[in-house]
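Good morning, and thank you for making the time. I should like to walk through one structure with you, going from the overall fold to individual residues.

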Amino acid sequence: MTSAFIIQVQPQLQSDPNNETAALLRVLIYKIDNTTFGDNIPLIPLWSGPPHTIVQVQAILYTSLAASLFSAFLAMLGKQWLNRYASIDMRGSAIERSQNRQRKFDGIVTWYFNTVMESLPLMLQFALLLLGCALSRYLWEINTTVASVVLGVTSFGVASYAFFVVAGTVSISCPYQTPGAFALRCIPPLALSALRSASSLSKVVGWVAFWWNETTEDFKCSVIRVTQLSTLTLSLPIILLICLAIDTYHLTRAMLRVSVANALGWFLRMHGWDPQATTLDLQCISWVLQTSLDKTVLLLTLRLLITMIMPASFDPDLISACLNVLACCVSNVSGKVVILQGSEELAELSVMCCLSMLYHTTTFDPTSSVFKGVRRLYTKTFPIETDFRNTPSYHRFCIIHNIFHPSYKLVEHQLEYHTDYRPQIRWRDYKLSGPEHVVLIRLAQFEYHRKQHKKVPRWILRYGHHVLSLVPLPPVPFVADCLFIVAMDLGCTASITPSPDERYVHI
Amino acid sequence: MLYSHKHDPPPTQEDYWTKFYDVYRREAEEYDREFIKRYDEDLNTTLIFVRVLCSSCLRRADSGYRPVYSLL
């Protein structure tokens, strides 16, 4: 369609030989018989380049054609990429293949594959819009009535698309979703955070004033522009360029991020630290937790996660995935937490995982940005006034709650737990079951500070001694935390946040 | 059956990992099938649209058929 129209308009870019022949004939007739044209003396017309309008129309049409062809090209490439993703391009055990698949899937997330795929139809839509504009511009010169019909249809299309975008932005449940709506929905949080990060009020005021001046100026200009159709149609390729620029920006950012990560990984490997295998395992676990709804699968995964030695930094998605699992097996009835029937084990395990990972993060990086994202998720399920009584993992819930809501009164709950719990424990018969050490080290810290830096409670210290005297020695995190408890009792307050080397590598 | 079950060694960490990756592969296959199908259909739609955009030109060259817009 585009190409047909271009072929139609194309000859007008060159001088028409027929016109020239006619003019010459006229001159010939005039030479033979002077009376035919009266007083009009025919002249040989000089070709002074194609008309301005035709050049504009051609430029827009070719942009449209190029955009549609380019999106076809990208679509072809996209099919190839999808095939490559689907293929098992590796021999090896099931574990290696699965890890390879996870690597490819992570690549899809890091390189914004989805965004690029979504922007393909967008380019085609712009190509169509450009075609409509070029048609109406071309027809305007020939016949205003026909042109207004085409213009009307085009603007109706634009208006309905704008309606779809607005409707999709306002309501998430609206079925007319477009990529534009998705982008628009991201803007208010971004703008809010930008406003928050603005250092002083005067800066904000100055910025708003500047923006206001700009927009009023722009508004005046655009009113004039609307009256001039040609300028308006010429500004449309710019939108296409912006679309391309956004894609390029995303790709560049991803590229930078990946290259920095690669450089870091290379550096770490050079120094004998290979985080690749553990990180991949964690990514696989995180993916399963986010995707699966099967209870047995979740149980198996969480059980594995508990026994893992965590690297110093990991994907915060893992914590949110665990919290999501937890939120699925818990119902919050008017501020009182009840664990759903049949999900007790899952709830217990997910609480343990959350606690051990949160504790891990607070130990390594107390000012981590991880909490910001996870806190919103947590507060949605467990607002600050939440009652955790009658849940089996009561104390773990309390500690997690205290991490997210520092104002939550841990003292009463902890003391209650501590007096309830203490007489039942005989460490001699105690079997290591879960990450009790995480709970106990937290409690030891708390008690230590409460008693003005005197001693760790004896029963916690006894737990530490018991764990350290086990044969064979329990997993590294247990040993590390028990040594930490002992160290605290000896008065080593300085290393309250040990570095990864001290805790996991050298032990 | 029961006898052999009793004397089996308890599952080790490796057994758990193998089991986990079996489960992972099953989940991944299902997910990837959906994922690829979705984008493949999207890409097909794009290609059909492009073909519609360009097809009228080809038909005109072949059989002298004049598409609507070339009448202008």
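Chain A contains 20 helices and two strands. Please keep in mind throughout that this is a predicted model. Of the 507 residues in chain A, 40% count as buried. If one takes the contacts in chain A with a separation of 6 or more, 65% of them come from residues 24 or more positions apart.

Let me turn to the interior. The largest nonpolar core comprises 68 residues. Those with the most contacts inside this core are I285(A), L289(A), L302(A), L305(A), L318(A), M357(A) and F20(B). Which helix gives the most to this core? It is helix α2 of chain B, residues 13-63, with ten residues. As background, nonpolar side chains in soluble globular proteins tend to be buried together. I285(A) illustrates how the two chains meet: beyond its neighbours within four places in sequence, I285(A) is in contact with T301(A), L304(A), L305(A), M308(A) and L318(A), and also with W17(B) and F20(B).

Next, a helix pair. Helix α12 (residues 317-328) and helix α14 (residues 370-381), both of chain A, pack at an angle of about 5°, and their axes are 10 Å apart. Angles under 35 degrees count as roughly parallel, so α12(A) is roughly parallel to α14(A). On the α12(A) side the contact is made by I319(A), S320(A), L323(A), N324(A) and A327(A), and on the α14(A) side by V370(A), V374(A), L377(A), Y378(A) and T381(A). By class, this contact has seven nonpolar, three polar and no charged residues.

I now come to helix α5 of chain A, residues 113-142. At 1.5 Å a residue, its 30 residues should span 44 Å, and the end C-alpha atoms are 45 Å apart, which agrees. Of those 30 residues, 21 are buried, so that α5(A) is mostly covered. L122(A) lies in this helix. Is L122(A) buried or exposed? With a relative accessible area of 18%, L122(A) is buried, because the cut-off for buried is under 20%. Not counting residues up to four places away in sequence, L122(A) touches Y161(A), P179(A) and C243(A). The last of these is 121 residues away along the chain, yet the C-alpha atoms of L122(A) and C243(A) are separated by 8.4 Å.

Just before that helix, the loop between α4 and α5 of chain A holds Y112(A). Most residues other than glycine have a negative phi. Phi of Y112(A), however, is positive, near 55°. Y112(A) is buried, with a relative accessible area of 18%.

A contrasting loop residue is D89(A), found between α3 (52-86) and α4 (94-110) of chain A. D89(A) is partly exposed, its relative accessible area being 42%. Leaving aside neighbours within four places in sequence, D89(A) is in contact with R84(A), N100(A) and K104(A). D89(A) and R101(A), twelve residues apart in sequence, are 9.6 Å apart from C-alpha to C-alpha.

I shall close with helix α19 of chain A, residues 476-489. Its 14 residues should span 20 Å at 1.5 Å a residue, and its end C-alpha atoms are indeed 20 Å apart. Eleven of the 14 residues are buried, so α19(A) is largely enclosed by the rest of the structure. Among the buried residues are F478(A), F484(A) and M488(A), together with D481(A) and D489(A). After α19(A) comes G491(A), with a positive phi near 100°.

Key: Residues numbered from 1 in each chain as written. Chains lettered and ligands numbered in written order. Predicted model: local features only at pLDDT ≥ 70, side-chain atom pairs only at ≥ 80, totals over all residues. Heavy atoms only, no water. Helix = DSSP H or I, 4+ residues; strand = E, 2+ residues; numbered from the N terminus. Buried < 20%, exposed > 50% of the residue type's maximum accessible area, 1.4 Å probe, protein only. Contact = heavy atoms within 4.5 Å. Expected span 1.5 Å × (residues − 1). Core = buried A, V, L, I, M, F, W, Y, C linked by side-chain atoms within 4.5 Å. Axes fitted to C-alpha atoms, helices over the stretch in contact; angles between N-to-C directions. Parallel < 35°, antiparallel > 145°, perpendicular 65-115°, else oblique. Nonpolar A, V, L, I, M, F, W, Y, C, P; charged D, E, K, R; others polar.
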